[in-house]
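Hi,

Here is the structure I promised to pass on. Have a look at it first, and then read on for what turned up.

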Amino acid sequence: MTRSAALRVTSRNARFQEWQALLANRTKRQRSGTFLVQGVRPITQAVRHGWEIRELLYDAESAPSGWATGVLDTVAAPRFAVSTELIRELSGKTDAPAELLAIVGMPPDDLGRIPVEPALLVLVFDRPTSPGNIGTLVRSADAFGASGVVVVGHAADVYDPKSVRASTGSLFCIPVVRIPSARQVLAWLDAARTTGLAIQLIGTDETGAIDIAEVDLAPPSALLIGNEKAGLSAAWRDACDCLARIPIAGSASSLNAATAASIALYEATRQRARASR
């Protein structure tokens, strides 16, 4: 469909309400298997990494930039010319509405999407409650070369707009998989070990017996990050090969979960770079 043949949406009709529901209603996102993506970098990364673009929404009242024109002209997806007022509502910007939004299909929550290899470095987030923390953690995992991220248990939604925005596009660059229970993740790790890969499970906890810098993170590893308030579940604690702490000073009682994950990932990357010299 060319831009000239795009469907126009200028009222809060049924189609607009479907898009709006993707922003606030997790159940609607899950049932449709889609989510709304805002921002130049996230949309660019979604296209670059081959995610399924179901629909493109653009501001019918403004001339598109070169970037938006490129996306509209190259991505084979239905186009909707949406009034500036409605685009503003969907983009969450009161001053400068987004010129382009994308409705993107969710990939399967399949641990097989994460490559099992000697350099495995997978980040497991246990029952996170903050979508912003999920997005920030995914961004760090991408930055430090992690193999993937697993979000376990009753948790905030990976595809919540706050999570997608906080990832700044990294959600589309590495596998991020939602799994209901620790048991399923542990079974996947056990199956990987049968191939000869000696994967270690390293939990992070403020009461850990060893500093994270003293743990050998060069071997294939799963780094476990606990719930923001409760920490790691008993199932994960029992499964860990060791519990490591991140030393802190000052008056802070603990670190934000995404911050702790970033430090652990950096330490793993530092050790692996040193080992490869």
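To get you started: how many bridges join strand β10 to β12, and in which sense do the two run? There are two bridges, and the strands are parallel. Before going further, keep in mind that this is a predicted model.

**Around β12**

β10 covers residues 210–211, and its Ile210 has Ala244 of β12 as bridge partner. β12 itself takes in residues 242–245, and it also pairs with strand β9 (residues 200–204), again in the parallel sense, over three bridges. If you want a spot to find that pairing by eye, look for Ile202, which stands opposite Cys242 in β12.

**The largest pocket**

β12 comes up again here. The largest pocket holds about 470 Å³ of space. Its lining is made up of 22 residues, and the ones closest to the centre are Thr204, Asp205, Glu206, Ser254 and Leu255. Two elements give two or more residues to that lining, namely β12 and α10 (257–275). As for the chemistry, the lining residues split into nine nonpolar, eight polar and five charged.

**The five-stranded sheet**

Now to another part of the chain. Five strands make up an open sheet, ordered β1-β4-β3-β5-β2, with mixed pairing. β1 (7–9) and β2 (34–38) are at the edges with a single partner strand each, so each has one side without a neighbour in the sheet. From one strand to the next, the twist averages 25 degrees.

For β2, the partner is strand β5 (residues 100–105): the two run antiparallel and are joined by five bridges. Thr34 is a handy place to look, as it stands opposite Gly105 in β5.

There is a helix on this sheet as well. α5 (residues 84–91) lies across β1, β2, β3 (53–59), β4 (79–82) and β5, and it runs at about 125 degrees to β3.

**One residue to click on**

Last, try Ala166, which is in helix α7 (residues 161–166). Is Ala166 buried or exposed? Its relative accessible area is 18%, and the cut-off for buried is under 20%, so Ala166 counts as buried. Apart from neighbours within four places in sequence, Ala166 is in contact with Gly132, Gly135, Thr136 and Arg139. You can also check the C-alpha atoms of Ala166 and Val138: they are 8.5 Å apart, with the two residues 28 places from each other along the chain.

Cheers

Methods:
Residues are numbered from 1 along each chain as its sequence is written. This is a predicted model: local features need pLDDT of at least 70, side-chain atom pairs count only at pLDDT 80 or more; totals for chains, interfaces and linings use all residues. Side-chain values use heavy atoms; hydrogens and water are left out. Two strands pair if DSSP finds at least two bridges between them. Helices (H or I, at least four residues) and strands (E, at least two) are DSSP runs, numbered from the N terminus. On a 1 Å grid over the protein atoms alone, a cavity is a set of points where a 1.4 Å probe fits but cannot get out, and a pocket is an open set with protein on both sides within 12 Å along at least five of seven lines; lining residues have an atom within 4 Å of a point. Grid points are joined across faces, edges and corners, and a volume is the space filled by probe spheres set on the points. Ala, Val, Leu, Ile, Met, Phe, Trp, Tyr, Cys and Pro count as nonpolar, Asp, Glu, Lys and Arg as charged, and the others, Gly among them, as polar. Axes are lines fitted to C-alpha atoms, for helices over the stretch in contact, and angles run from 0 to 180 degrees between N-to-C directions. Contact means heavy atoms within 4.5 Å. Buried means under 20% relative accessible area, exposed over 50%, partly exposed in between (1.4 Å probe, protein chains only).
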